[in-house]
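This briefing introduces one protein chain to a reader who is new to structural description. Please keep the sequence and the three-dimensional view at hand while reading.

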Amino acid sequence: MAQTSQDQSGVGTADPDEDSPNMILYRKIEQIVTRVQDETEGVPVRTVKSFLTKIPSVVTGTDIVQWMMKNLAIEDPGEAMHIGSLIAAQGYFFPISDHVLSLKDDGTFYRFQAPYFWPSNCWEPENTDYAIYLCKRTMQNKTRLELADYEAENLARLQRAFARKWEFIFMQAEAQVKIDRKKDRVERKILDSQERAFWDVHRPAVRTERQPGCVNTTEVDIRKCRRMKNTQRAKKSVYGLIEEAQSHSPVHTSSLARKGTKEAIEKEIVFLNTQLDRHCMKMSKVAESLMSYTEQYQEYDPFVVSPEPSNPWTTDDTSFWELEASNDPGQQRVRKWGFSLEETLKDPAGRDQFLKFLESEFSSENLQFWLAVQDLKRLPLEKVADRAQEIWAEFLAEGAPSSINLDSHSYERTSHNLKDPGRYSYEDAQDHIYKLMKSDSYTRYLRSSAYQDLLLARKKPETEQQGRRTSLEKFTRSRWSLLSSFTFLYLSGSPYCLFVSLSLSVCLSRVIHTFSRAYSVYTANKSLT
């Protein structure tokens, strides 16, 4: 068996990049594994007698850990177990009782992998190979070869994926089972376990169902990243079946696969034309648009500019949220409606004002249709079909009470979609109406007196408040100037002026205090209303 494996190992070596990171790692691991298997200085491989059977060619986990501590100058058993688990994760030795590729310091039996299945042979097993292996497992019908739950699910999934070629896969599995039956019983038992360990490395359990301790070493592989740069290298198959490599785009396919194929050339031309038609922008333009967007929305970010009355994300005061949700918008909200139609429709108050404007122009049905389609997308599925027919009868059917204008293309697409109504049956019609409102009605709304008056009305209270503050300042300054004049007379030495200045200062302080309290009460009541 060992000699056969040595002969087979030469067949699999096909990676020309011997200095790749993975190959350097594999060579170091294989040096250790070769020393472990040495007949004189390695771990003794023996056949263990069980209750009614014999377990051939096994070693215990304790033997491997002790050998590593002795020959690799490792003092801590935990470190030896860690290094052994890393080697086992690559499939160089494996437990014969489960699918968990890790090393335990106990009496668990392990078996060494044949060099033919070593990762250094650069295996790239296909799903067809895995399907053949699972079919073989079902044909052998032995308790030790029963499929695990995740393997049974994978077999069903592969059978659906390869439905057209499943007969061919089944024939290959049958032929291999016939060849295996001609082998010696002990040799067949060892080969079955080695093949199972190979697929435990390359097709481990799914992440959500993986047994504790299972590791997927092929999930992030440096060699796979390098392979993207060398697309002309032929793929190998475990059972000699080579499939044509298929890529997601014609550009990434090999030149050998593209030559002489008319369909491949036409596909590549379509792909390249699509790339040429892509809208590209200079980085400077992108930066300018990003900067202008940031400057425009800067005052609406409560973490950049402190909002009034306070920031609800950093304090317990929710007044800011209540003001934003109120139907009486402030000047900042009204000014935000002028940024885009999207901002206007996101704000309930802005949407109502825009609807009033459209009603004055006798075109409110456009916004009503757009809002009806938005509501349709949020309805429960059982109500979608009925509501879709109601929207058609209200806006698009002949003699509809709120008929809208659609181009022929959108109308045909929408009528076709309503044969099987869904939440997005009106997507084309909604996009057309939105663009129509954005280019026509919305620009007129921003220039209309309705929006301008609303914007000025929100600015007026602040101007009046600033005027009141200015009057208070003038009153205070005038009174303090009078007090300062009497103070000057006092300093000049007149006793009469001293009495008058003291009396006026007391009266003036009381007047200022009373006026200040009255003004603060007035502003508080104004903000609440």
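How many helices and how many strands does the protein chain have? The chain has 22 helices and 4 strands. The model described here is predicted. The points below begin with the whole chain, continue with the sheet and its loops, and end with one helix and its surroundings.

**The chain as a whole**

- The protein chain consists of 529 residues, and 36% of them count as buried.
- About 33,500 Å² of the protein chain is exposed, and carbon and sulfur atoms supply 55% of that area.
- Among the contacts in the protein chain with a separation of 6 or more, 60% come from residues 24 or more positions apart.

**The sheet**

- The 4 strands of an open sheet follow the order S1-S2-S4-S3, and their pairing is antiparallel.
- Strand S1 (46–49) and strand S3 (93–95) stand at the edges with a single partner strand each, so one side of each has no neighbour in the sheet.
- On average, neighbouring strands of this sheet are turned by 60° against each other, with direction ignored.
- As general background, strands of a sheet pair through backbone hydrogen bonds, in either a parallel or an antiparallel way.

**Strand pairs within the sheet**

- S1 and S2 are joined in the antiparallel sense over 3 bridges.
- These two strands, S1 and S2, form a hairpin with 4 residues between them.
- Within this pair, Lys-49 has Lys-54 in S2 as its bridge partner.
- Strand S2 (residues 54–60) also pairs with S4 in the antiparallel sense, over 2 bridges.
- Thr-60 stands opposite Phe-109, a residue in S4.
- S3 pairs with strand S4 (residues 109–112) over 3 bridges, again in the antiparallel sense.
- Opposite Phe-94 stands Arg-111, a residue in S4.

**The loop between S3 and S4**

- Is His-99, which lies in the loop between S3 and S4, buried or exposed? His-99 has a relative accessible area of 15%, and it counts as buried because this value is under 20%.
- The C-alpha atom of His-99 is separated by 8.8 Å from that of Ala-205, although the two residues are 106 residues apart along the chain.
- Ser-102 is also found in the loop between S3 and S4.
- With a relative accessible area of 16%, Ser-102 is buried.
- Leaving aside residues up to four places away in sequence, Ser-102 touches Ser-85, Ala-88 and Tyr-110.

**Helix H16**

- Helix H16 covers residues 348–360 and has 13 residues.
- From its first C-alpha to its last, H16 reaches 19 Å, close to the 18 Å expected at 1.5 Å a residue.
- Which residues of H16 are buried? They are Ala-349, Gly-350, Phe-354, Leu-355, Phe-357 and Leu-358.
- The buried residues of H16 pack against four helices, namely H14 (331–336), H15 (341–346), H17 (364–377) and H20 (427–447).
- At the N-terminal end of H16, Asp-347 acts as a cap, with a side-chain oxygen 3.1 Å from the backbone nitrogen of Ala-349.
- H16 is followed by Phe-362, whose phi is positive.

**Two residues with positive phi**

- Phe-362 lies in the loop between H16 and H17.
- The phi of Phe-362 is near 60°, which is a positive value in a residue other than glycine.
- Phe-362 has a relative accessible area of 73%, and it counts as exposed because this value is over 50%.
- Where is Ala-73 found? Ala-73 is in the loop between helix H3 (61–71) and helix H4 (77–89).
- Ala-73 has a phi near 55°, a positive value in a residue other than glycine.
- Ala-73 is exposed, and its relative accessible area is 71%.

Definitions and conventions. Residues are numbered from 1 along each chain as its sequence is written. This is a predicted model: local features need pLDDT of at least 70, side-chain atom pairs count only at pLDDT 80 or more; totals for chains, interfaces and linings use all residues. Side-chain values use heavy atoms; hydrogens and water are left out. The expected span of a helix is 1.5 Å times one less than its number of residues. Buried means under 20% relative accessible area, exposed over 50%, partly exposed in between (1.4 Å probe, protein chains only). Contact means heavy atoms within 4.5 Å. A polar contact is a pair of N or O atoms within 3.5 Å; within protein, one must be able to donate a hydrogen and the other to accept it, and residues adjacent in sequence count only if both atoms are side-chain atoms. Two strands pair if DSSP finds at least two bridges between them. Axes are lines fitted to C-alpha atoms, for helices over the stretch in contact, and angles run from 0 to 180 degrees between N-to-C directions. Accessible areas come from the Shrake-Rupley method with a 1.4 Å probe; for residues, only the protein chains shown count as cover.
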